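User: I would like to go through this structure label by label. For each label, please give the criterion and the value set against it.

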Amino acid sequence: MAERKLSGEVFYPSEEIIKSAHAKCEHLYQSAEKDYLGFWEKEAGELHWFKKWDKVLDDSKKPFYKWFVNGKTNIAYNCLDVHCETYRRNKVALIWEGENGEFKSLSYFALKRETCRFANVLRSLGVKKGDRVTIYMGRIPEIVTAMLACARIGAIHSVVYGGFSVEALHERLEDSQSKVLIVADGAYQRGKIVELKKIADEALQRAATVESVLVVKRTGHEINMEFGRDMWYHELMSLPIAGNACDIEMMDAEDPLYLLYTSGTTGKPKAIMHTHGGYMVGTYTTLKYVFDIHEEDRFWCAADPGWVTGHSYIVYGPFLNGATSFMYEGAPTYPYPSRWWGMIEKYGINILYTAPTAIRGFMRFGDAWVKRHNLSSLRLLGSVGEHKVIGGERCPVMDTWWQTETGMFMITPMPCTPLKPGSGTKPFPGLKMDIVDEEGKPVKDNEEGFLVIKNPWPSMLRTIWNDPDRYIQQYWNRFPGMYMTGDSARRDEDGYYWIIGRVDDVIKVSGYRLGTAEIESALVSHQAVAEAAAIGLPHEIKGHAIHTFVILKTGYQKSDKLIEELRQHVGHEVGPIAKPEHIEIVDSLPKTRSGKIMRRVLKARALGIDPGNLSTLEE
């Protein structure tokens with residue numbers, strides 16, 4: 001039967017890519033649709049369990065779902081021990097480059113040894129199953145071993161991004177009631193030292209539960225060490241207590257693995273809780289199929305381990321798949337805008353997964369920096385909108401949508417999926433998603449509505465730590481029986497999903513709902529614009545007026561003529577109703593460290609009001 005032709009601009013995968021891909025699209029979607037519990041059970045069966053589950057899913061206490069009920073496993077065992085018993089023991093697990101050019105690589109055998117030593121050190125400090133350990137470091141190999149060491153002994157890790165301020169760190173230490181803090185003396189960022197230990201000292205003045213502080217020496221600059229509380233990591237790691245072997249803690253599939261705080265638009269950050277079993281199955285499966293991980297691949301997820309992207313796709317996903325994961329410590333453009341491209345060439349990276357905002361940040365420097373390097377090793381790109389130069393128009397782009405809460409990719413193509421630029425394509429096999437109106441009823445094709453998830457999935461958050469009521473309220477109350485993502489989206493006639501933005505990022509102009517993402521995409525499609533942000537400000541006639549902020553590419557100057565040209569361009573791309581009332585040319589935009597533009601900060605500044613909690617702000 002001939003396949004129906006898809007509408008709009010479509011990029012079809014090459015025969016070569018289809019042939020080599022793990023995922024055979026139609027078969028995968030069909031088998032998952034027919035028996036979605038069977039699909040996840042099969043994937044779980046590819047991993048190691050000390051004891052098999054009695055039941056794949058228990059939905060008797062909705063929305064507190066349980067996966068792989070009574071199964072016993074340990075995610076760290078699956079990341080390391082499993083590979084050390086095969087030919088992979090000497091395969092490179094982690095390649096790391098420091099901002100200052102330092103280099104380190106660890107085989108699976110070496111990574112397991114370091115993890116075991118670290119786990120023994122934690123046990124010697126009294127850390128046991130269920131205790132919380134906060135990790136506060138830059139992108140260095142020790143952040144990986146610290147996470148895996150916690151998982152190995154059943155401690156719950158809470159990684160706090162290494163750029164967070166005193167208040168953010170204190171809040172997270174306090175909420176998680178952490179027993180131990182693992183911190184680096186400092187981190188390198190753009191050639192400067194970020195004073196992590198100094199920030200930690202201030203946060204610890206008010207954190208009553210922390211008994212011990214382990215300090216990793218990264219920069220070697222002078223820091224305060226408090227007697228009886230602070231200990232050097234390298235000193236403890238050289239003691240006999242840090243033996244090369246460490247018993248694994250057998251974990252129930254539903255035992256907590258980690259807490260990760262995600263900022264709400266209001267109120268204090270929420271501690272999202274993920275578990276050993278389901279999270280393991282979700283990250284393993286999605287990375288394998290979406291990025292088509294093969295034995296010889298070198299995978300670079302350019303996020304920070306302090307975000308869910310780093311948890312799932314720098315650490316757990318790659319190691320569960322026995323892949324080689326690459327990690328870079330510093331700023332993308334330091335000391336030159338070619339830093340990333342030089343490393344791709346140097347290490348032979350095959351797959352690059354990064355945020356579109358990072359790529360847009362490079363665009364202002366032009367193509368010349370990219371073209372100096374041989375990027376022919378690249379086979380797949382992830383979430384990269386502008387791929388003509390980097391991928392040489394031959395690399396498919398896996399444009400993913402997911403959240404801290406989902407733990408894994410939710411709307412995503414696979415290499416065998418025909419792509420439409422700007423769309424995350426379809427839900428991952430086995431997921432039921434929909435777009436609904438205010439009443440929770442499905443909307444028609446190409447109509448905008450609320451994006452919801454209609455069935456549970458293995459790596460879903462289990463709760464908000466110590467706040468089950470907030471978990472129900474936040475995610476399950478608005479549309480009973482459906483998980484509320486907080487995003488608005490539309491679905492086209494081919495079943496492809498288009499994410500418009502956060503529900504609170506929708507601007508209503510004269511009764512029309514416009515997504516900030518649509519307006520920003522229109523501005524960025526102009527040759528002069530590198531980055532853009534749009535907000536809605538109160539307007540007495542229209543309800544809201546669109547105000548935009550634009551960063552120009554190198555070689556373009558601010559002028560009234562250019563501003564008017566940009567207004568007309570948005571009108572042409574989106575429609576006259578979307579023409580911005582005001583366009584401000586700026587040098588930078590307030591962003592979270594995961595690259596999300598903080599529109600509420602722009603809005604507060606424009607209205608002259610207090611922007612609120614800025615702990616997640618990058619600069």
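User: What makes the meeting of the side chains of D201 and K197 a salt bridge?

Analyst: A salt bridge is a side-chain nitrogen of Lys or Arg within 4 Å of a carboxyl oxygen of Asp or Glu. The N to O distance for D201 and K197 is 2.6 Å, so the pair meets the criterion. The model is predicted, so local features need pLDDT of at least 70 and side-chain atom pairs count only at pLDDT 80 or more, while totals for chains, interfaces and linings use all residues. Residues are numbered from 1 along each chain as its sequence is written, and side-chain values use heavy atoms, with hydrogens and water left out.

User: How are D201 and K197 placed in helix α8?

Analyst: They are 4 residues apart in α8 (residues 196–204), which means about one helical turn between them. An α-helix has 3.6 residues a turn, so residues three or four places apart point the same way. Helices here are DSSP runs of H or I of at least four residues, strands are runs of E of at least two, and both are numbered from the N terminus.

User: Are D201 and K197 buried or exposed, and how do you know?

Analyst: Buried means under 20% relative accessible area, exposed means over 50%, and partly exposed lies in between (1.4 Å probe, protein chains only). D201 has 13% and K197 has 1%, so both count as buried.

User: Which salt bridge does R229 make, and what network is it part of?

Analyst: R229 meets E226 through their side chains at 3.7 Å, N to O. Salt bridges with shared partners join K197, D201, E226, R229 and D230 into one network. With a relative accessible area of 13%, R229 is buried, whereas E226, at 39%, is partly exposed.

User: How many salt bridges does a search of the whole structure find?

Analyst: The search finds 38. One of them pairs R218 with E102, whose closest N and O atoms are 3.0 Å apart. This pair links distant parts of the chain: R218 is in the loop between β11 (212–216) and β12 (230–232), and E102, 116 residues away, is in the loop between β4 (92–97) and β5 (103–107). R218 is called buried because its relative accessibility is 11%; E102, at 37%, is called partly exposed.

User: What is the strand order of the open sheet that contains β29, and which strands are its edges?

Analyst: The order is β28-β29-β30, an open sheet of 3 strands with mixed pairing. Its edges are β28 (529–539) and β30 (582–585), since each pairs on one side only. From one strand to the next the twist averages 20°.

User: How do you know that the strands of this sheet pair, and in what sense?

Analyst: Two strands pair if DSSP finds at least two bridges between them. β29 (residues 543–552) has 10 bridges to β28, in the antiparallel sense, and 4 bridges to β30, with which it runs parallel. Both counts satisfy the criterion, so both are pairings. Examples of bridge partners are H547 with H582 in β30 and H539 with G543 in β29.

User: Which strands does helix α17 touch?

Analyst: Helix α17 (residues 560–573) packs on the sheet and touches β28, β29 and β30, its direction making about 130° with that of β30. Helix α18 (residues 599–607) also packs on the sheet, touching β28 and β29, at about 55° to the direction of β28. Contact means heavy atoms within 4.5 Å. The angles run from 0 to 180 degrees between N-to-C directions, with axes fitted to C-alpha atoms, for helices over the stretch in contact.

User: Which side chains of β30 are buried?

Analyst: I583 and I585 are buried and point to one face, while H582 and E584 point to the other and are not buried. In a regular strand the side chains alternate between the two faces of the sheet.

User: What makes helix α7 mostly covered?

Analyst: In α7 (residues 166–176), 8 of the 11 residues are buried, among them V166, L169 and L173. The buried residues pack against β6 (132–136), β8 (180–184), α8, β14 (256–262) and β15 (270–275). Just after α7, Q177 has a positive phi of about 55°.

User: Is V144 buried or exposed, and what does V144 touch?

Analyst: V144, in helix α6 (residues 141–153), counts as buried because its relative accessibility is 1%. Leaving out residues up to four places away in sequence, V144 touches L94, L111, V315, F319 and M327.
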